Amino acid sequence: MLLFNLIINCDMANRCIICGSFPLGYYYEDFRGNVSCVHHNYIKYCCGCGCFVSPSTAKHIHGDGYLCAKCQTNHVTYANKDKFINTSLGILYKYGFQDIQKDWVRINLISLKDICERIPEMTAHGFHTERTISQVNERGRFGFDQEVYVLDILPPIVFMEVFAHEILHAWQLQNNLNDYSDYHNDIIAQRACEGFANLGSYIIYDYFDSENFNDEIRKFVQHRMKCMFESKDEIYGLPFQKIMSAYPFDDKSRWLKLIKDARQSKIREYVK
Ligand SMILES: [Zn+2]
Ligand SMILES: [Zn+2]
Ligand SMILES: [Zn+2]
């Protein structure tokens, strides 16, 4: 993901978050207005919100992972996670996913250290895994026993978007979608699954990009949506962009069409 912008004019620059001096010429700026001189050849990001951090003042979590001051005081925990899970599900329902079967999915938090050990991609914030084959649960329903893990240091909006992405994998499995079944054997199926799961994240951002929410929230979600549309990732970013461009933005029923087409394995046509 592209997390910073290259700014040409330095007249209004703040002090550099790394060396404390005013940058000369070009500098990098994050979505909060934190800046860094371009000659620092490594910039550290907060693993909660993605803003720049100074390793000397941010909280070190694990490996290369730091947490900014804001995320240290405002992140989802075991005590409050259910509230944000339910909000995220409520938003997904509103956009057309009325059949997510949460009772089949155990939802866990995971530390940065543990996620780094389980997932080789350093930037993973969550993952979905199926534990067993289809079985009957205590309600007498057939389904797949599954788990979703979300990083335990994420601010609420990031937690909700990561959860939304992962719970759409649970939806793909529970609905026996062809692309999900072919995931590990077919790169096109993998792109269709991940590109479509990114729709979950996008829906969360789209919901919060409204006048009902304050400027800080809107600025953040707009930044995240921009990153999603600028991503060059061949499994997640580009397939998501191709899927989105196949459904016109001004069409009010586009979410429903997209969900219906995903059920019928039609979106793989867009990500070949
Ligand atoms: Zn500097
Ligand atoms: Zn942060
Ligand atoms: Zn995924």
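This is a short tour of a predicted model, taken one selection at a time.

**Stop 1: helix α6**

Select residues 187-208, which form α6. How many of the 22 residues of α6 are buried? The count is 19, so α6 is largely enclosed by the rest of the structure. Now check the length of α6. At 1.5 Å a residue, its 22 residues should span 32 Å. The end C-alpha atoms of α6 are 32 Å apart, which agrees. Keep α6 coloured, as the next stops return to it.

**Stop 2: α7 beside α6**

Add residues 215-230, which form α7. A pair of packed helices is described by two things: the angle between their axes and the distance between the axes. For α6 and α7, the angle is about 150° and the axes are 9 Å apart. Angles over 145 degrees count as roughly antiparallel. The two helices, α6 and α7, are therefore roughly antiparallel to each other. The crossing of α6 past α7 is left-handed.

Which residues meet here? Show Asn198, Tyr202, Tyr205 and Phe208 in α6. Facing them in α7 are Ile217, Val221, Arg224, Met225 and Met228.

**Stop 3: α4 against α6**

Hide α7 and select residues 156-174, the helix α4. The axes of α4 and α6 come within 8 Å and cross at roughly 140°. That angle makes α4 oblique to α6. The contact has many members. From α4, they include Ile157, Met160, Ala164, Ile167 and Leu168. From α6, they include Cys193, Phe196, Ala197, Leu199 and Ile203. This time the crossing, α4 past α6, is right-handed.

Is α4 itself enclosed or open? Of its 19 residues, 18 are buried, so α4 is largely enclosed by the rest of the structure. Its length can be checked too. At 1.5 Å a residue, α4 should span 27 Å. The end C-alpha atoms of α4 are 26 Å apart, which agrees.

**Stop 4: α2 across α6**

Swap α4 for residues 81-94, which form α2. Here α2 and α6 pack at an angle of about 95°, with their axes 10 Å apart. That makes α2 roughly perpendicular to α6. In α2, pick Ser88, Ile91 and Leu92. They meet Gly200, Ile203, Ile204 and Tyr207 in α6.

**Stop 5: the nonpolar core**

Show the whole chain again. The largest nonpolar core has 74 residues. Which of them touch the most other members? They are Cys46, Leu67, Val150, Phe163, Ile167 and Phe196. Zoom in on phenylalanine 163. Leaving out residues up to four places away in sequence, Phe163 touches Ile85, Ser88, Gly126, Val148 and Val150.

**Stop 6: helix α8**

Select residues 237-245, the helix α8. Its buried residues are Gly237, Pro239, Phe240, Gln241 and Ile243. What covers the buried residues of α8? The cover includes α6 and α7.

**Stop 7: two residues with positive phi**

Go back to the end of α4. Asparagine 176 follows that helix, in the loop between α4 and α5. Its phi is near 55°, a positive value in a residue other than glycine. Is asparagine 176 buried or exposed? Asparagine 176 is exposed, with 11 other C-beta atoms within 10 Å.

Next, select serine 265, in the segment after α9. Serine 265 also has a positive phi, near 55°. With 16 other C-beta atoms within 10 Å, serine 265 is partly exposed.

**Stop 8: two loop residues**

Select alanine 124, in the loop between α3 and β9. Alanine 124 is partly exposed, with 16 other C-beta atoms within 10 Å. Now add cysteine 47, which is 77 residues away from alanine 124 along the chain. Their C-alpha atoms are separated by 9.7 Å. Beyond four places in sequence, alanine 124 touches Ile115 and Ile119.

End at serine 54, in the loop between β5 and β6. Serine 54 has 17 C-beta neighbours inside 10 Å and counts as partly exposed. Cysteine 16 is 38 residues from serine 54 in sequence, yet the two are 9.4 Å apart in space, C-alpha to C-alpha. Serine 54 touches Ile17 and Ile18, not counting residues up to four places away in sequence.

Technical notes:
Residues numbered from 1 in each chain as written. Chains lettered and ligands numbered in written order. Predicted model: local features only at pLDDT ≥ 70, side-chain atom pairs only at ≥ 80, totals over all residues. Helix = DSSP H or I, 4+ residues; strand = E, 2+ residues; numbered from the N terminus. Buried ≥ 20, exposed ≤ 12 C-beta atoms within 10 Å, placed from the backbone. Contact = placed C-beta atoms within 7 Å. Core = buried A, V, L, I, M, F, W, Y, C linked by C-beta atoms within 7 Å. Expected span 1.5 Å × (residues − 1). Axes fitted to C-alpha atoms, helices over the stretch in contact; angles between N-to-C directions. Parallel < 35°, antiparallel > 145°, perpendicular 65-115°, else oblique. Left-handed = near helix turned anticlockwise from the far one by under 90°.
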